[in-house]
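Dear colleague,

I am passing on the structure we spoke of, and I would be glad if you could read the notes beneath it with the coordinates open.

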Amino acid sequence: DREYRVIRALHAQGFPVAEPLVLCDDETVAGTAFYVMSYVDGRVFWEPQMPGSHPAERAAVYDAMNDTIARLHVFDPAAIGLADFGKGENYVARQVDRWSKQYRASQTETIDAMERLIEWLPSHVPPSGPARVVHGDYRLDNLIVARDAPKVAAVLDWELSTLGDPLADFSYHLMAWHMPHSESAAGTGSLVGHDLSALGIPSMTDYVDAYVARTGLDPRPHLSVYLAYNFFRIAAILQGIIGRVRDGTATSEFAPAKAEMIRPLADKAWQFAQQA
């Protein structure tokens, strides 16, 4: 119902989401509440370097991705009917607390960097700005790109959306520029090791500058902290998957690969903490 509500509000503003058609909260119909949304035709690029594309298209798609999240972050939640969609204030502090607890509950080994981050992050949270609608998992492979143009046709996967810090939300998909390499990728695409200029993909600095120009919101003074937080968060999320597999409440053929990623992600987070 939350996902239906947010895409309904955004669709009414002309924001690129699948059209929400109906929400059914009568559990006798299908055994659970559900909603139906329209089909959106297009392409999904599963890897951030966009194999099979060309430089001009990559540049245009990255610009469209930047423009789309900028559009999301300039909406006044109250003006689009989402004033009560989340707490909004102290978003990063609450996220750090939440994922620290989730990590502890699912912990399977001691990782020094995670221990340091759990202690360091609460006292280094960036100052809160205006609360905005945050997607929570914004990245290239959660976008449907039009078949015939470098245009975002729909943003998918709103299950983590709420009101919060737009700079934390924006900096989440900046991790692609720094993601540790993994043979399996384990769901974590990386631009590290690629010739971005030859590919037509902007540097992270240029990408951030474009967002600042579009929104007036500036993550640059605290960017290292935001990246430390986001790498910590994804490490805790992956640890949660391992914990559920351990406890028998979930199965995942990718669990071993995800487990191997936790320590490199934590180490990368601590590198950014040290930079900060």
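The notes below cover the core, one helix and some charged pairs.

This is a predicted model, in which local features need pLDDT of at least 70 and side-chain atom pairs count only at pLDDT 80 or more, while totals for chains, interfaces and linings use all residues. Residues are numbered from 1 along each chain as its sequence is written, and side-chain values use heavy atoms, with hydrogens and water left out.

The largest nonpolar core (buried Ala, Val, Leu, Ile, Met, Phe, Trp, Tyr and Cys joined through side-chain atoms within 4.5 Å) has 82 residues, among which Leu10, Tyr62, Met114, Trp158, Leu174 and Trp177 touch the most other members. Its largest share, 14 residues, comes from helix 9 (residues 223–247), helices being DSSP runs of H or I with at least four residues, numbered from the N terminus.

In helix 4 (residues 91–106), the buried residues, including Tyr91, Trp99 and Tyr103, have under 20% relative accessible area (over 50% is exposed, in between partly exposed; 1.4 Å probe, protein chains only). Seen down the helix 4 axis, the buried residues fall within an arc of 155 degrees, taken from the directions from the axis to the C-beta atoms, so they line one face. The face turned away carries the exposed Lys101 and Ala105.

There are 12 salt bridges, each a side-chain nitrogen of Lys or Arg within 4 Å of a carboxyl oxygen of Asp or Glu. One of them joins Arg5 and Asp84 (2.4 Å, N to O), and because Arg5 lies in helix 1 and Asp84 in the loop between helix 3 and helix 4, this pair ties together parts 79 residues apart in sequence.

Best regards

Technical notes. Helices (H or I, at least four residues) and strands (E, at least two) are DSSP runs, numbered from the N terminus.
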